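Welcome, and thanks for taking a look at this one with us. Below is a short briefing to read with the structure open beside you.

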Amino acid sequence: MKDLMIIIGLTLASCIAVGLIGLALLYLVRYRSLRQQLTIATLLPVVAVAAAVLINVQLMFFSAHDSLVILIALLTSLLLAVFGAWLVVRRISHASRRVGAGLHQLVSDSASGTPVEAAGSAKAAAAPRELAKVLDDLAETRRTLAESRARARAAEQSRQELVSFMSHDLRTPLAGLRALSEGLEDGVIDDVPRALSHLRATVARMSVLVDDLFALSRVQGTREAKPQTMVSLAELISDVASESAATARTRGVRLEVDLPDNDRLAVLGSSDDLARALTNLTTNAIRHTDPKLVVRLEGRRTADGHIRLAVSDSCGGIPEANLSRVFDAGWRGNPSRSDDGGAGLGLAIARGVVESHGGEISVRNVEGGCRFEVGLPVPQLSGRRG
């Protein structure tokens, strides 16, 4: 019993001594690399066991043969511990360096706007699970930030183009108004009634432009929610077609309407906003359709219950390179920016209205022209169709 107590005491004393030395080393390297701290923490228990065994072997007077066997076993165990610690520390330190590099690149990309390369999970798979999750989260964060920067750049470019386009659209009529007003003031204009009529028409066009700018700001920005009611899109399409009929006849364009017989195509929304969006789409189609050709308005309910509206024209199609820019505010496909009756805001307003109603709008080329399609969700008020 006395020998057992001596062995236990020596073992505790040696382990405590090695533990205190290890804690002191960990304290000294607390601000240094993770590799050093992990190496000390991994080898500490093995060294403590080896020290305890060596002390007990020396004091218990084992034979030289037995002592050699024990020493070989301890040395082998120590080498295995060192190798295992090296493997683990190597993986963790490499993964931690990748995390640090990812954070540095995240900051660098945010500051410089450098495009982000796709970071798959192959690299993260070589790291421990926890660090692999961090690497995946970093890659996803970088992708999200890259998409946000791309959207911000596109919005800024669109804003600059809108300012440029609107400056052009306002500068020309303002110059005309100034010339007419100076002519009237100097008395050099003989046909005063005609000049006043021209002034009134120019002011009316500028008022329409300002109204469109306000409408675009309202549907694209944060605004107070309008009261929403049940709106019959079938009736709305019929009303817009009737209101646009005179313009279509003036341009020699045939206007056709295709609606279901027993479906009002009811949605929840703002009747005024939806009417403006549909009117803009119809006016745009009529404006770009040659005489004797057709503009077609359609409304239908899809198999999944969604409601889709479509406005098809006979404009000859839109160049594929321009399809993605059709709904940009102020953009027009005509580089000359000639006065075609629009300010380039109608389609942007239509998109803002549709998206504010939880829907989507798209355009594609079809035979002889292009087709604008609007999808709107079904109101979740009751199971009955409107």
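Which residue in E5 does Arg296 stand opposite? Arg296 faces Ser312 across the pairing. Please keep in mind that this is a predicted model. The notes below begin with the strands around this pair, go on to the salt bridges, and then turn to helices and backbone angles.

**Strands and their pairing**

- E4 and E5 run antiparallel, and 6 bridges join them.
- The hairpin of E4 and E5 has 5 residues between the strands, and in this hairpin Gly305 takes a positive phi near 95°.
- E5 also pairs with strand E7 (residues 369–376), again antiparallel and through 6 bridges.
- In that second pairing, Leu309 stands opposite Val374 in E7.
- E5 is mostly covered, with 5 of its 6 residues buried.

**Salt bridges**

- As general background, side chains of opposite charge can pair when their charged atoms come close.
- The count for this model comes to 13 salt bridges.
- Arg296 and Asp258 form one of them, with their closest N and O atoms 3.2 Å apart. Arg296 belongs to strand E4 and Asp258 to strand E2, so this salt bridge ties together parts that are 38 residues apart in sequence.
- Both partners count as partly exposed: Arg296 has a relative accessibility of 29%, and Asp258 has 33%.
- Arg296 forms a salt bridge with Glu298 too, where the closest N and O atoms are 3.4 Å apart. Glu298 is buried, because its relative accessible area of 15% falls under the 20% cut-off.
- Glu360 and Arg308 meet through their side chains in another salt bridge, at 3.9 Å from N to O. This pair links distant parts of the chain, with Glu360 in strand E6 (residues 360–366) and Arg308 in strand E5 (residues 307–312), 52 residues apart.
- Salt bridges that share partners join Arg254, Glu256, Asp258, Arg296, Glu298, Arg308, Glu360, Arg364, Arg371 and Glu373 into one network.

**Helix H7**

- Does the length of H7 agree or disagree with what its residue count suggests? Helix H7 (residues 233–250) has 18 residues, so at 1.5 Å a residue it should span 26 Å; its end C-alpha atoms are 26 Å apart, which agrees.
- H7 has a kink of about 40°, centred on Ser244.
- Ser244 is also buried, as are Leu233, Ala234, Leu236, Ile237, Val240, Ala241 and Ala248 in H7.
- In an α-helix there are 3.6 residues a turn, so residues three or four places apart point the same way.
- Gly252, just after H7, takes a positive phi of about 75°.

**Helix H10**

- Helix H10 (residues 346–356) has Leu347, Ala348, Ile349, Ala350, Gly352, Val353 and Val354 as its buried residues.
- Gly358 comes just after H10 and has a positive phi of about 75°.

**A nonpolar surface patch**

- Leu4, Met5, Ile8, Leu12, Ile16, Leu20 and Leu23 form a nonpolar patch on the surface, and together they have about 700 Å² of accessible area.
- Leu23, one of these residues, sits in helix H1 (residues 2–28).
- Leu23 is exposed, because its relative accessible area of 52% is over the 50% cut-off.

**Positive phi outside glycine**

- Most residues other than glycine have a negative phi. Two residues to look at with this in mind are Leu265 and Lys292.
- Leu265 has a positive phi of about 55° although it is not a glycine. Its place is the loop between strand E2 (254–258) and strand E3 (266–269).
- Is Leu265 buried or exposed? Leu265 is buried, with a relative accessible area of 0%.
- Lys292 has a positive phi near 70°, and its place is in the loop between helix H8 (271–287) and strand E4 (294–301).
- Lys292 counts as exposed, at 71% relative accessibility.

Technical notes: Residues numbered from 1 in each chain as written. Predicted model: local features only at pLDDT ≥ 70, side-chain atom pairs only at ≥ 80, totals over all residues. Heavy atoms only, no water. Helix = DSSP H or I, 4+ residues; strand = E, 2+ residues; numbered from the N terminus. Expected span 1.5 Å × (residues − 1). Bend = angle between axes of the 7 residues up to and from the residue. Buried < 20%, exposed > 50% of the residue type's maximum accessible area, 1.4 Å probe, protein only. Patch = residues over 30% accessible without salt bridge, like charges linked within 9 Å, V, L, I, M, F, W, Y side chains within 5 Å. Areas by Shrake-Rupley, 256 points an atom, 1.4 Å probe, with all protein chains shown as cover. Salt bridge = Lys/Arg side-chain N within 4 Å of Asp/Glu carboxyl O. Pairing = 2+ DSSP bridges.
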